[in-house]
Amino acid sequence: MWTQDYRLFDAARIDTVTVGVFTWASTQPAPDVYDFTTLDAIVERAAAEGRAVCLATGTGAHPAWLARAHPEVTRTDFEGRRHRFGQRHNSCPSSPVFRRLSAELARRIAARYADNPAVIAWHVGNEYGGACYCELCTAGFRDWLRKKYRTLDRLNHAWCTTFWSHTFTDWGEIEAPSALTEHWRGPDHTAFQGITLDYLRFMSDAMLTNFVDEKAAIRESSPDTPVTTNFMGMYRPVDYHRWAAHLDFASWDNYPPDDRSAPRMALAHDLMRGLKGGQPFWLMEQTPSTTACRDVNPLKRPGINRLWSWQAVAHGADAVLYFQLRASRGASEKYHGAVVGHAGRSDTRVFGEVAQLGAELERLGGVSLGARTPARVALLFDWDSWWALEISDGPSRLVRYQQVVLAYHRALWDAGADVDVVPVTADLCRYDVVVAPALHMVKGDLARRLEAVAARGGSVVTTFLSGRVDEDDNAFLTDVPGPLAPLMGVRVDEWDAREADVVNPVLLECGDDRLEAASRLLFELVVPQGADVVGTYRADFYAGTPAVTRNTFGDGHGWYVAAGLEQDGVSWVMRQVLARHDLLGPYADVADLETAVRIAPDGTRLRFLLNHRADKVTVTACAGGVDLLTGERVEAGQPLALDPLGVVVLRETA
Amino acid sequence: MWTQDYRLFDAARIDTVTVGVFTWASTQPAPDVYDFTTLDAIVERAAAEGRAVCLATGTGAHPAWLARAHPEVTRTDFEGRRHRFGQRHNSCPSSPVFRRLSAELARRIAARYADNPAVIAWHVGNEYGGACYCELCTAGFRDWLRKKYRTLDRLNHAWCTTFWSHTFTDWGEIEAPSALTEHWRGPDHTAFQGITLDYLRFMSDAMLTNFVDEKAAIRESSPDTPVTTNFMGMYRPVDYHRWAAHLDFASWDNYPPDDRSAPRMALAHDLMRGLKGGQPFWLMEQTPSTTACRDVNPLKRPGINRLWSWQAVAHGADAVLYFQLRASRGASEKYHGAVVGHAGRSDTRVFGEVAQLGAELERLGGVSLGARTPARVALLFDWDSWWALEISDGPSRLVRYQQVVLAYHRALWDAGADVDVVPVTADLCRYDVVVAPALHMVKGDLARRLEAVAARGGSVVTTFLSGRVDEDDNAFLTDVPGPLAPLMGVRVDEWDAREADVVNPVLLECGDDRLEAASRLLFELVVPQGADVVGTYRADFYAGTPAVTRNTFGDGHGWYVAAGLEQDGVSWVMRQVLARHDLLGPYADVADLETAVRIAPDGTRLRFLLNHRADKVTVTACAGGVDLLTGERVEAGQPLALDPLGVVVLRETA
Amino acid sequence: MWTQDYRLFDAARIDTVTVGVFTWASTQPAPDVYDFTTLDAIVERAAAEGRAVCLATGTGAHPAWLARAHPEVTRTDFEGRRHRFGQRHNSCPSSPVFRRLSAELARRIAARYADNPAVIAWHVGNEYGGACYCELCTAGFRDWLRKKYRTLDRLNHAWCTTFWSHTFTDWGEIEAPSALTEHWRGPDHTAFQGITLDYLRFMSDAMLTNFVDEKAAIRESSPDTPVTTNFMGMYRPVDYHRWAAHLDFASWDNYPPDDRSAPRMALAHDLMRGLKGGQPFWLMEQTPSTTACRDVNPLKRPGINRLWSWQAVAHGADAVLYFQLRASRGASEKYHGAVVGHAGRSDTRVFGEVAQLGAELERLGGVSLGARTPARVALLFDWDSWWALEISDGPSRLVRYQQVVLAYHRALWDAGADVDVVPVTADLCRYDVVVAPALHMVKGDLARRLEAVAARGGSVVTTFLSGRVDEDDNAFLTDVPGPLAPLMGVRVDEWDAREADVVNPVLLECGDDRLEAASRLLFELVVPQGADVVGTYRADFYAGTPAVTRNTFGDGHGWYVAAGLEQDGVSWVMRQVLARHDLLGPYADVADLETAVRIAPDGTRLRFLLNHRADKVTVTACAGGVDLLTGERVEAGQPLALDPLGVVVLRETA
């Protein structure tokens, strides 16, 4: 079968393969036995066939013998139940035996294959995630807390434990927050936000320790080959910003839920690119056709796989891979899409499209490798705010962090602006516009740095539920939005939350530009403290009061969006902001025509045009250049036509 | 901050504060250490500022050290899981160490503060509720059963254990009914109603024992200061009627789900007033603005806090308090509404309205204190029927006790009748009308006492699913509705239950008064045994058969509503009944204008008019008097105008 | 009360009673005590009253003392929780003490009553089902696997354990698949299909062992009296085909969810009849009026109980019984419908209808006993395919095996064809048409046997998601539909799954017969390999491609339905097939008029006509004969009228 596979890989120009992701049971079939026979054969064959290999340590699932010999290697779930052998991503991150043996396996694999020139990257574990609530993790949590707070007094203050008689008098009294302690109705409903928030941070750190363990073991014999692990885009349980420094490059698995996912993927790509300061990433996994893990698994329409692969490149991917290359014979991913199906055919539609894309990427060559995105807009993405907002009691559990962030990013994406999605600690000096949706938690000197953006003429945009809590999730004992209030020039005394069917129209006005846009879910009542009113509520007892404001701060602006505006309102606001800085893209008015720019290390400027529409669209070229997919010359000012789902990669010359 | 607080309390005329509700970890920081430093400071400050204090024992949540030292102090949940430290209301009611230490804490607090004249009431625990299923509770349950049944034969007979091979041959075989024994799909789905019903009664009694423990400890040093605990209105897990005799006065926390809650609150107030035979109660908690515990927490509209506070007084409250006075800095109630927010401002809308209400209450003075409601209508509320109905298999789980009761109470409320909501053991001699919705269980001499009401000319109203089971939840082996059949003059052989979207119209006719009203969910098929037909089904194979009947019994009537009438049908029936006794209120035809009468100990008659409408309404005064809020004279027969959400408190003189 | 009961049984011609189903606690009140006093009295009374007795062993629920003495007798649930005493069907099938004591009880009951001529059948246990996940079952599972696979290598290959590092190196590493091992979101979501599939098979076998234990004990003293247990129609957890050989006759409990259940019941009756090769079965339980176990329990309309009882006879029942005869006084079935209610009346509608039916059955006499259904159509029903399809990840969890099978059976039922519902191992030689809906798993020589049906001129119909996996749930490494491909003459490379609201219209064409029918949920893309196109998709990117095909194979046809057609489309296809074989029933065009034929051992041909409509219907008699219910003569070609819900049982003479 391998012979058939490699023939087909050649036909599809598949030049890089990730192997060994779940091989632990194979490479270590018993406590004292390591057996690389199969992996040797795989790597040798791949190398012999001229394929580059991304080699996994294979520790994403432990072997059955390990679970039997060391039951504590399995996880204890949120309900307090110790699991037994099964599933994957199943190891307790605090288990000493897991830490020892996973590092040892990584050490041996690196030692064995480090000198194989086909190995171009190390892939540690797989899709880190989930959580464990066992006694070992509880002990680890207490150690983590002791390091963080040093004294119980500091911890009690940070967690506000006078509430509900929670004062801790001994570190040993602290429990991992679960369904058996503080929670009800699942992980988001906690009686004690401080404990839960710190456990989220601890668990992210505990899994990072697992990654770091293995990476250190790899580095013993492989000093230079880059090390990564596959992330999952906007994945709540793991704070990728805390991890980023430990990865040599970022990579991620992209499994969008449906055909309408282009804006969401754009955000995820920008987030992944932002992990390493704009450095290119790998798209480690995507399906060429269907997923299998969902209740309903629709088929990727013709052209979609190609379009979305190019979208990844447009946003910073230097590699685009598939899961899976050959359909698994059995078990739970046997119906997951594959480049080569069970029958091993090459005359299928899916294989044909994969091969066509392979040919195009070959035609592109290395021009985009290492290229950077010249964004002047930053969007702040903050796991702490995500967690704090969604574990909070009140004002509304219907407000979801991702949805808010997505609406603001989409507004920028629709308008054709290149955007860096960055952590709150990022250097903001390079940006004209900084957008901070639902920035619930404001830490450190962030408020001052945002003020600096405005002071030098930039625009800062934030929304309802921002500036509410400090790094311990305690409320600022000042007017809302806390440290952001001076920049925003507003004060919020009260807020209304309503069911999803309640709409309050907001009238937006800026010069002659007017729009009445619906808002939902959350309505803050704003008392301007110097800010100008840009939008006003039209209904309810607060009709006529401000819903959107703009405050002049230094040479720039602080925008405050107090209402849960729907997409059209958000887009209206963001276009006002972008227009001021001349950052609207050339095709901002062509719906679903995405543009993205990358600048290669040698200065080559690439403009990607991606037509997400089902119809052909013709625009006017804003710059001349060569379409690298067709080799055709495009002149500035001339018509440029894109087929339905069409892609143009323009090496701009004017 | 306290200085600022008390200045603001003065401004708002807040004269009574409840303190110490969750202070256990503070007052007893270690097994052998009691430390009242903080509580002393709080009470001293409150007393010094001239504030009355309702002082809590603080046992609503145990300290972390206690859970660690005595793991059995925590609860075991319905799923059989022993919890660890966390949450509140977290103590096993059967735990000896909890019983000992909670009583000891109450003892010490009472001893310390009993002589402080500022302490005007003791507040034991907090919002008793939930349930525990641990081994200690199982043992307690067996003791409780042994006391109740004395022999296993009696228990086996009461529980009908020949069914499904359940005969118990040793008390030790009996388990607490849970997800691990008789239940599936949660607490309402039981394979053995008798066991589950008795466990509900036992658990209510077990928590009552906790209250009684603490009250007895308080009484050792405080013989006279009244003792209460804060109830929660219609709260299913605790049978407040079993508790009422042990409280010196009732109090409750009112957190309605939305702005349309006026009728529901009216019922809850009447229920709370009925606990102690009509004696006034305290509204212990309400939010001035928003809750935080719900998925969506809407803001109380301007005027609502005032209107609803007056509604409490109209229904029998002698005190109206807030939770919370100052917004908590952290943890899960930091976004719960407060009189004073995080920024400590007094220039907010919410503070302004609280202060306005404070001023009004001050203007009212003591005139309403101790006043009684002169109701001639009683509505029976019965926890046993609630439990039995909702744990029953068949006929329909869509029929919910609260919904049925609410519809009948609302009909009376809409019609302007003052209503006492009373237990089935209440003296019914004083009432012209007794309404018993969904009185599934009929115990003791109740049927005879209801017959007596009718015999002397009164009206008794009951509905579908009444008179089905005896106190052990066994079916009466007679025609339905069992002991109520003679009074109702009907027999029910069969019944139809349908999904919520199935409507059977009922034609109601009484003289010239006709209405076709929808009915849903449950349709009993009635064979009259002397009763007159007032309503008939219009559809299905039982079209033309009786849906509502009225039986002449002595000088009065027994009404039987066999169909699940919607509100308009229920209201039509109840107005027929009220009209016969001349009990329709003066503004029965003005929608959402509530009236309520209280008669003070000195005979002063107060009529409260509460306009729940968003528009102004003008009615004709039915009696002259003085509006105590404005001081203005109102003449009988003259127009009386109420603003939107307006309130008039009329001291009637004619 | 018994005197009253038997008087009423006489009035209703109830001649057979099932007794003792849950008597364990009564017959064995302590480990060493057997007490048959009560059962003696029941059996003696029944026998004395001339009633036949179906005598149960009473082991469907164990006594409380047993659970206390041997906690391992209770089950451990899917969540890993050991249950304590409660419920019914509560014994671990692998528990040695349960196996020993249940067999011993069966032995003693058989020994005691075997010679009583009133005892005409033995009823073992009750409604076997559910599952257990305890250590004993885990050990039993390992033994079962060892017998099945002999070596771990074979097991690892069958389960495809190289996936996700699951290679087992010791039998002791294998866990019962549960929420603590491979599952999430319930029993259908498994990370390892092979393990879960084998556990389903094992658990069905483990409970069969319990049945076999008891049957063997009965046979020690009762060599000839037939033994049964009551099945539940289409009940997923137990593979009744694996059980059938061990029962002397099949019996089942019929509790349809609503009044529109006639087609579903027809399928269930045919499935039950198919268990024993067409041998008649008993309808062991049905309610005369209402169930109690559902959330909403509607009342059987007048005439329904009669009509549905006759439907059972029409499909092969030789006995029709009720649960329950007398309403239980208490516990969870006290509101379940009964022939005699709590008040013991005979003047109720329900009793009247039961008595009328009893009289009719008496009039029928023994003519239908032992009769067979002369079906020329077989529908394959396969628990393995059911399980494999519904535990699969991808393509769609919305595709439910029962729904697909029901649609195809309904099409046949609507068309008036008699259908045998048979296992995949059945002899197919006698059938002209074989329908295999959603035959996900294809085992053994089935494909060859289906080809033989077509080769000799028959028609074979299968659908989407058929022919996908082998008996180990591993994909066939060939074109879809695997071994069925040659017969079907198609190849399927890809498939689209969509949410339930997405419709793709399919244009069906066969000569002049055309229909555009909606399809949903699953859309396979077909590449014909010789088959003719009968239906084409009308929408999406695969518009114009085949949705239904017919392949000529030998003298017959292989039909492939690639789309999730709604009922009208399925019916159109099936009528094409039936028409070719002249198998459309005489009243195929009269909606909801069911016909069924049975041929008695003496050759008497009975045609049942069942009018499921609410209106009267008149048809032309297709054969002459005598209506056995009225004694009236019917002539061929003359009008034959059926009342609403009417029944005619025609002994055909022409």
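Q: How much area do chain A and chain C bury between them?
A: About 4500 Å², with 52% of that on carbon and sulfur atoms. Bear in mind that this is a predicted model.

Q: Which three residues of chain A supply the most of that area?
A: Arg84(A), Arg329(A) and Tyr335(A). They account for 19% of the area that chain A buries against chain C, more than any other three residues.

Q: And how many residues are in the contact on each side?
A: Chain A contributes 45 residues and chain C contributes 55 residues.

Q: How many salt bridges between chain A and chain C?
A: The count is 10. One of them pairs Asp540(C) with Arg301(A), and the closest N and O atoms there are 2.5 Å apart.

Q: What about polar contacts across that interface?
A: There are 25 residue pairs in polar contact between chain A and chain C, counting pairs with both residues at pLDDT 80 or more.

Q: Which helices of chain A supply at least two residues each to the side that touches chain C?
A: Helix 2 (24–27), helix 4 (64–69) and helix 12 (349–364) of chain A. Helix 4 of chain A gives the most, with 3 residues.

Q: How do the residues on that side of chain A divide by class?
A: On the side of chain A that touches chain C, 20 are nonpolar, 12 are polar and 13 are charged.

Q: Moving on to chain B and chain A. How much do they bury?
A: Chain B and chain A bury about 4600 Å² between them, 51% of it on carbon and sulfur atoms.

Q: Which residues of chain B lose the most area there?
A: Arg84(B), Arg329(B) and Tyr335(B) lose the most to chain A. Together they make up 19% of what the chain B side buries.

Q: Residue counts for that contact, how many from each chain?
A: 45 residues come from chain B and 57 residues from chain A.

Q: What are the salt bridge and polar contact counts between chain B and chain A?
A: There are 10 salt bridges. Polar contacts come to 25 residue pairs, both residues at pLDDT 80 or more.

Q: What does Arg84(B) form a salt bridge with?
A: Arg84(B) pairs with Glu175(A), and their closest N and O atoms are 3.1 Å apart.

Q: Which elements give two or more residues to the side of chain B that touches chain A?
A: Helix 2 (24–27), helix 4 (64–69) and helix 12 (349–364) of chain B. Helix 4 of chain B gives the most, with 3 residues. By class, that side of chain B has 20 nonpolar, 12 polar and 13 charged residues.

Q: OK, symmetry. What turn lays chain A on chain C?
A: A turn of 120° with a shift of 0.0 Å along the axis, giving an RMSD of 0.1 Å. That is the relation of a three-fold axis. In chain A, the C-alpha nearest the axis belongs to Arg81(A), at 5.5 Å.

Q: And what lays chain B on chain A?
A: A turn of 120° and a shift of 0.0 Å along the axis, with an RMSD of 0.1 Å. In chain B, the C-alpha of Arg81(B) is nearest the axis, 5.5 Å from it.

Q: How many salt bridges over all chains?
A: 177 in the whole structure. Among them is the one between the side chains of Lys443(A) and Asp384(A), at 2.7 Å from N to O.

Q: What does the pair of Lys443(A) and Asp384(A) tie together?
A: Lys443(A) lies in the loop between strand 11 (433–436) and helix 15 (446–455) of chain A, and Asp384(A) lies in helix 13 (residues 383–390) of chain A, so the pair ties together parts that are 59 residues apart in sequence.

Q: Backbone next. Which peptide bond is cis in chain A, and where does it sit?
A: The bond from Phe323(A) to Gln324(A) is cis, with omega near 10°. Gln324(A) is in the loop between strand 8 (317–320) and helix 12 of chain A.

Q: Which residues does a cis peptide bond join in chain C?
A: Phe323(C) and Gln324(C), with omega about 5°. Gln324(C) is in the loop between strand 8 (317–320) and helix 12 (349–364) of chain C.

Q: What is the phi of Gln87(B)?
A: Positive, about 55°, although Gln87(B) is not a glycine. Gln87(B) is in the loop between helix 4 and helix 5 (96–113) of chain B.

Q: Last one: what confidence does the predictor give?
A: The complex has an ipTM of 0.97 and a pTM of 0.97. For chain A the mean pLDDT is 97, and 100% of its residues reach 70 or more.

How values were computed. Residues are numbered from 1 along each chain as its sequence is written. Chains are lettered from A and ligands numbered from 1 in the order in which they are written. Side-chain values use heavy atoms; hydrogens and water are left out. Copies are superposed by least squares on the C-alpha atoms of residues with pLDDT of at least 70 in both. Contact means heavy atoms within 4.5 Å. Buried area is the accessible area (1.4 Å probe) that two parts lose on being put together, summed over both. A salt bridge is a side-chain nitrogen of Lys or Arg within 4 Å of a carboxyl oxygen of Asp or Glu. A polar contact is a pair of N or O atoms within 3.5 Å; within protein, one must be able to donate a hydrogen and the other to accept it, and residues adjacent in sequence count only if both atoms are side-chain atoms. Helices (H or I, at least four residues) and strands (E, at least two) are DSSP runs, numbered from the N terminus. Ala, Val, Leu, Ile, Met, Phe, Trp, Tyr, Cys and Pro count as nonpolar, Asp, Glu, Lys and Arg as charged, and the others, Gly among them, as polar. pLDDT is the predictor's confidence in each residue, from 0 to 100.
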